[in-house]
Amino acid sequence: LDLRHVLDLGGDTEMEAQLAATLHQLAAVQVARKPPLLDKAWGMLQEALGLNMQIGQRAATLKQLARVAIRRGEFDSAEKSLAQALELYVELYGEKILHINVAAVKFQQGALAFHREQFE
């Protein structure tokens with residue numbers, strides 16, 4: 001599903017951001033299905049990350065990509081996505097600001113450690 005080729009965005013960054021948000025939401029639907037369509041969700045999130053979007057939206061998409069990677073057993077990929085998401089959130093909110101989005105990434109990093117059986 002490569003919507004960039006279907007839609008002529010003509011460099012419209014606002015339209016790209018909206019398309020990226022739509023892809024993010026569609027990927028979440030694929031993850032919630034029974035059974036989940038993780039490969040489809042992965043592709044949608046990768047496509048979304050190839051579009052222009054605001055920093056918070058990119059961080060949220062990376063966090064969702066990490067969730068999918070964990071469920072696919074791709075722990076190194078999940079770790080990389082979570083690190084990138086955390087970096088973006090720190091850039092957005094600052095290092096000294098406690099924010100729920102930062103907490104959500106750190107929680108997911110803990111879930112990843114649990115899946116890797118890193119209990120230290």
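Two residues are in contact here when heavy atoms of theirs lie within 4.5 Å. With that in hand, Ala 78 makes a good starting point: beyond its neighbours within four places in sequence, Ala 78 is in contact with Ala 66, Ala 69, Ile 70 and Leu 112. Please keep in mind throughout that this is a predicted model.

## The overall picture

Welcome to a protein built from 6 helices and 0 strands. Reading along the sequence gives the pattern α-α-α-α-α-α. The protein has 120 residues, and 36% of them count as buried. Its exposed surface comes to about 7400 Å², with carbon and sulfur atoms supplying 54% of that area. Among contacts between residues at least 6 apart in sequence, 55% join residues at least 24 apart.

## The core

Ala 78 also has a place in the largest nonpolar core, which has 30 residues. The residues with the most contacts inside this core are Leu 23, Val 68, Ala 78 and Val 105. Helices α2, α3, α4, α5 and α6 each supply at least two residues of the core.

## Helix α4 and what follows

Helix α4 covers residues 55-71, which makes 17 residues. From its first C-alpha to its last, α4 reaches 25 Å, close to the 24 Å expected at 1.5 Å a residue. Its buried residues include Leu 62, Leu 65, Ala 66, Val 68, Ala 69 and Ile 70. Some other residue types are also on the buried list of α4, among them Thr 61, Lys 63 and Gln 64. Which helices do the buried residues of α4 pack against? They pack against α2 (13-32), α3 (38-49), α5 and α6 (100-115).

After α4 comes Gly 73, whose phi is positive, near 80°. Arg 72 lies over the face of Trp 42, at 4.5 Å from the ring centre.

## Along helix α5

Helix α5 spans residues 75-93, and Ser 81 has its place there. Is Ser 81 buried or exposed? Ser 81 counts as buried because its relative accessibility is 5%, and buried means under 20%. Leaving aside neighbours within four places in sequence, Ser 81 is in contact with Leu 62, Leu 65 and Ala 66, and those three residues are among the buried residues of α4.

The structure also holds 1 aromatic pair. Its partners are Tyr 89 and Tyr 93, with ring centres 5.8 Å apart and planes at 15°, so the pair is stacked. The two tyrosines are 4 residues apart in helix α5, so about one helical turn separates them. Tyr 89 is buried, with a relative accessible area of 2%, whereas Tyr 93 counts as partly exposed at 23%.

Phe 75 is in helix α5 as well. Not counting residues up to four places away in sequence, Phe 75 touches Ile 70, Leu 112, His 115 and Arg 116. The C-alpha atoms of Phe 75 and Ala 113 are separated by 9.0 Å, although these residues are 38 apart along the chain.

## The segment after α6

One of the partners of Phe 75 is Arg 116, found in the segment after α6. Which residues is Arg 116 in contact with, leaving aside its neighbours within four places in sequence? They are Phe 75, Asp 76 and Glu 79. The C-alpha atoms of Arg 116 and Gly 73 are 9.5 Å apart, with their positions 43 residues apart along the chain.

## Helix α2 and the loop after it

His 24 lies in helix α2. Not counting residues up to four places away in sequence, His 24 touches Leu 45, Ala 60, Thr 61 and Gln 64. Thr 61 and Gln 64 are among the buried residues of α4.

Between α2 and α3 there is a loop, and Pro 35 lies in it. A cis peptide bond joins Lys 34 and Pro 35, with omega at about -5°.

## Accessibility side by side

Here are the residues met above, with their relative accessible areas.

| Residue | Relative accessible area | Class |
|---|---|---|
| Tyr 89 | 2% | buried |
| Ser 81 | 5% | buried |
| His 24 | 13% | buried |
| Arg 116 | 21% | partly exposed |
| Phe 75 | 23% | partly exposed |
| Tyr 93 | 23% | partly exposed |

Terms used. Residues are numbered from 1 along each chain as its sequence is written. This is a predicted model: local features need pLDDT of at least 70, side-chain atom pairs count only at pLDDT 80 or more; totals for chains, interfaces and linings use all residues. Side-chain values use heavy atoms; hydrogens and water are left out. Buried means under 20% relative accessible area, exposed over 50%, partly exposed in between (1.4 Å probe, protein chains only). Accessible areas come from the Shrake-Rupley method with a 1.4 Å probe; for residues, only the protein chains shown count as cover. Rings of Phe, Tyr and Trp (its six-membered ring) pair if their centres lie within 6.5 Å; planes under 30 degrees apart count as stacked, over 60 as edge-to-face and the rest as tilted. A charge sits over a ring if NZ of Lys or CZ of Arg is within 6 Å of the ring centre and within 35 degrees of the ring normal. The expected span of a helix is 1.5 Å times one less than its number of residues. A nonpolar core is a set of buried Ala, Val, Leu, Ile, Met, Phe, Trp, Tyr and Cys residues joined through side-chain atoms within 4.5 Å.
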